[in-house]
Structures are given as structure tokens and as C-alpha cells.
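Take a walk through this model, one helix at a time. Start at the N-terminal end and work inward.

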Amino acid sequence: YPSKQKRAITLSAAVLQEQWQSVLAKFAQGTADSIKVAIINADKLIDYILKESGFQGEHMADRLEKLAPHGLQTFDRLWRAHRLRNELVHSPDFEIPRSLAIKTLNDYEAFLKEVKILE
């Protein structure tokens, strides 16, 4: 369990923001593959932040379960986005509609804003 004090995230907020911008740039390419990669990379970025914040677990879902009691407003949105990412990774035939991809990236972005990585 993370301590009451926030652990310093190893990568600076500026680097994390750059990584988020690269996710958005990948999405903006607009191909089915680039949209899929953008969502997978967004999920990796969030998972990195969770790990660096002290949440333990073998998988991101384990870390998300430990996050639950901490009362994040974006918790449900983050779970929804992660489940969609899993669908993308584990179901090769799954094609994500652009509107759902945008909603998913908005869910990740809302979390990044809540934890003050983005303004």
C-alpha cells in the first residue's frame, strides 16, 4: 500500500506530458493501427504512473483494485478505458469505432488531469 505521503514520480511531469502528447499524435494519424497503438500507449503511461506511485500488483488491474479505496473521481472511467484496451489486445478482430476511441482517450486524460500530470 502506498504511504500517506505521495511518492515522487520518477519521470518528471514534463516528460509524462510529452508522452501524452505522443499518444495524441499517434491517435491523430487516424489509421486503425495508430488508434489502437495510441490507446495501448495511453494505458502503459497510466500503468507506469500507478507503479511509480507505489501501487503494487502483477498487472494493471491489480494496481487499479488497490486504487479503489483512494476515491479517485475518474476511477470508473479508468477501469472502463483499461477494459477496452484489454479488448483491443486480446481480441485481434476487435475494431474500435473512432467515437469510442476518443471517449477512451478522454477517460485516460481525465485521470491525468485529476492526478495533476496534465492541467
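Which residues are buried in H1? The model is a predicted one, and in it the buried residues of H1 are Leu16, Trp20, Val23 and Phe27. They sit on the same side of H1, because they cover an arc of only 50° around its axis. The general rule is simple: an α-helix has 3.6 residues a turn, so residues three or four places apart point the same way. The opposite face, turned away from the buried side of H1, carries the exposed residues Glu18 and Ala28.

H1 itself spans residues 13-28. Its 16 residues reach 22 Å from first C-alpha to last, close to the 22 Å expected at 1.5 Å a residue. After H1 comes Gly30, with a positive phi near 80°.

What do the buried residues of H1 pack against? Their partners are helix H2 (32-52) and helix H5 (98-114). Take H5. The axes of H1 and H5 lie 12 Å apart, and the two helices pack at an angle of about 175°. H1 is therefore roughly antiparallel to H5. On the H1 side, Trp20, Val23 and Phe27 make the contacts. On the H5 side they meet Arg98, Ala101, Ile102, Leu105, Tyr108, Glu109 and Leu112.

Now look at the core. In soluble globular proteins, nonpolar side chains tend to be buried together. Here the largest nonpolar core has 31 residues. Those with the most contacts inside it are Trp20, Ile39, Leu67, Tyr108, Phe111 and Leu112. H1, H2, helix H3 (60-67), helix H4 (75-90) and H5 each supply at least two residues of this core. H2 gives the largest share, 8 residues.

Tyr108 is worth a stop. Which residues does Tyr108 touch, leaving aside its neighbours within four places in sequence? Trp20 is one of its contacts. Ile39, Ala42, Asp43 and Ile46 are also among them. So are Leu78, Ala81, His82 and Arg85.

Those last four residues are also listed among the buried residues of H4. The others buried there are Phe75, Trp79, Leu84 and Leu88. What covers the buried residues of H4 includes H2, H3 and H5. H4 has 16 residues and reaches 22 Å from its first C-alpha to its last. That is close to the 22 Å expected at 1.5 Å a residue.

Technical notes
Residues numbered from 1 in each chain as written. Predicted model: local features only at pLDDT ≥ 70, side-chain atom pairs only at ≥ 80, totals over all residues. Heavy atoms only, no water. Expected span 1.5 Å × (residues − 1). Buried < 20%, exposed > 50% of the residue type's maximum accessible area, 1.4 Å probe, protein only. Arc of directions from axis to C-beta. Contact = heavy atoms within 4.5 Å. Core = buried A, V, L, I, M, F, W, Y, C linked by side-chain atoms within 4.5 Å. Axes fitted to C-alpha atoms, helices over the stretch in contact; angles between N-to-C directions. Parallel < 35°, antiparallel > 145°, perpendicular 65-115°, else oblique.
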